[in-house]
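Hi,

Here is the structure I promised to send over. Have a look at it first, and then read on for what I found in it.

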Amino acid sequence: MLSRKLQPIIKRHLPSLKAYLPAQSSTTAGIRAASSRPHAAAFSSTTLPRTMISDKQPAAQGTTTTTTTPVFKTSGGREARGYAKEQRLLAHVVATARKNDPAHVLQVIDEFALAGNWLMNVGDEKGAIVESLIATHRPSVMVELGAYVGYSAVCFARHIPAGGKYISFDVNPTTTQVARGIVEHAGLSDRVTFILGSFDTHYTALADAGVDHIDMLFVDHWKDLYKRDVDLVVRKNLLRDGSVVVADNTINPGTPEYLAWIRAHPKFTSRTILSHLEYSDEVDALEVSVYKA
């Protein structure tokens, strides 16, 4: 049954949703209620549209000023401009989140985002859905495309077993530095490897890291690159029987080219899990595709 929160939203967006849902699916397929994390429930009705969020907003109330904000440098030594919000986030996490406590780090990030500092990470609700997929499929090697501030790396890597690997690709040096700092504060640096560069030109770094296959691939970078990069993973034989590809934001902002391709691919069986855009009441979805070798 649809949650009360989702019913009016699905009804309002149904015409546009039909373009993204598989023909064999109904709008009730794969629906999950709000995140089971205790801190998520308190903010379940908060809506933070993208257009209302600004890097110029003040830090969340209660942020301590005793910690010096990290200084970010470009490769040429100049201080990085922009991404002030993400830099404030790292300072806030270091100052307020318990060290080596991934769950508390995630809680602090969620509260920061919900206090008027919208972040484009997977968020608590969809994050919990992916965590349930990890519990089901038990990947030892997980790769993500799109590190952003490290939220997904903390959320997912904590479930990777000892000896496993979590490898994150991103092209942005500033936000990747934020992600490194947040992952380090969460105590997960020993299992998370960040690779700076576009996946299509840096995928060979997987072999350098001792990875010859991917058990689960989380795709959350530039939406128009989903098809290109997942197709590359397939062509390079990096998936094995039962490997799972999870793609975020397939409705909001949307990935129509990728959805058409992955659903028609003879090697994948796909399903849609409806949810919400991170920290919002806007409809979004994850596309979960299982590979058959």
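Below are my notes on the sheet, the helices that lie on it, and one helix pair. Please keep in mind that this is a predicted model.

Let's start with the sheet. Seven strands form an open sheet with mixed pairing, in the order E3-E2-E1-E4-E5-E7-E6. At the edges stand E3 (192-196) and E6 (268-276); each has a single partner strand, so one side of each has no neighbour in the sheet. From one strand to the next, the twist averages 15°.

Two of the pairings are worth finding on your screen. E6 runs antiparallel to E7 (residues 283-291), and nine bridges join them. Within this pair, His276 is opposite Val283 of E7. E1 and E2, by contrast, pair in the parallel sense, over five bridges. There you will find Leu145 opposite Phe169 in E2.

E1 (141-145) deserves a closer look. How many of its five residues are buried? The answer is five, so to speak a strand that is mostly covered. In a regular strand, side chains alternate between the two faces of the sheet. In E1, Val141, Val143 and Leu145 point one way, while Met142 and Glu144 point the other way, and all are buried. Note that Glu144 is among these buried residues.

Now for the helices on the sheet. Helix H5 (residues 123-137) lies across E1, E4 (214-219), E5 (239-247), E6 and E7, and it runs at about 145° to E6. Helix H7 (residues 173-186) lies across E2 (165-170) and E3, running at about 170° to E3.

Helix H10 (residues 226-235) has these buried residues: Tyr226, Asp229, Val230, Leu232, Val233 and Val234. After H10 comes Asn237, which has a positive phi, near 55°.

Finally, the helix pair. H3 (residues 84-96) packs with H4 (residues 102-114) at an angle of about 135°, and their axes are 10 Å apart. The two helices are therefore oblique to each other, and their crossing is right-handed. On the H3 side, the contact is made by Lys85, Arg88, Leu89, His92, Val93 and Thr96. H4 contributes His104, Val105, Val108, Ile109 and Phe112. Sorted by type, the residues of this contact are six nonpolar, three polar and two charged.

Happy browsing, and best wishes!

Technical notes:
Residues numbered from 1 in each chain as written. Predicted model: local features only at pLDDT ≥ 70, side-chain atom pairs only at ≥ 80, totals over all residues. Heavy atoms only, no water. Pairing = 2+ DSSP bridges. Helix = DSSP H or I, 4+ residues; strand = E, 2+ residues; numbered from the N terminus. Axes fitted to C-alpha atoms, helices over the stretch in contact; angles between N-to-C directions. Contact = heavy atoms within 4.5 Å. Buried < 20%, exposed > 50% of the residue type's maximum accessible area, 1.4 Å probe, protein only. Parallel < 35°, antiparallel > 145°, perpendicular 65-115°, else oblique. Left-handed = near helix turned anticlockwise from the far one by under 90°. Nonpolar A, V, L, I, M, F, W, Y, C, P; charged D, E, K, R; others polar.
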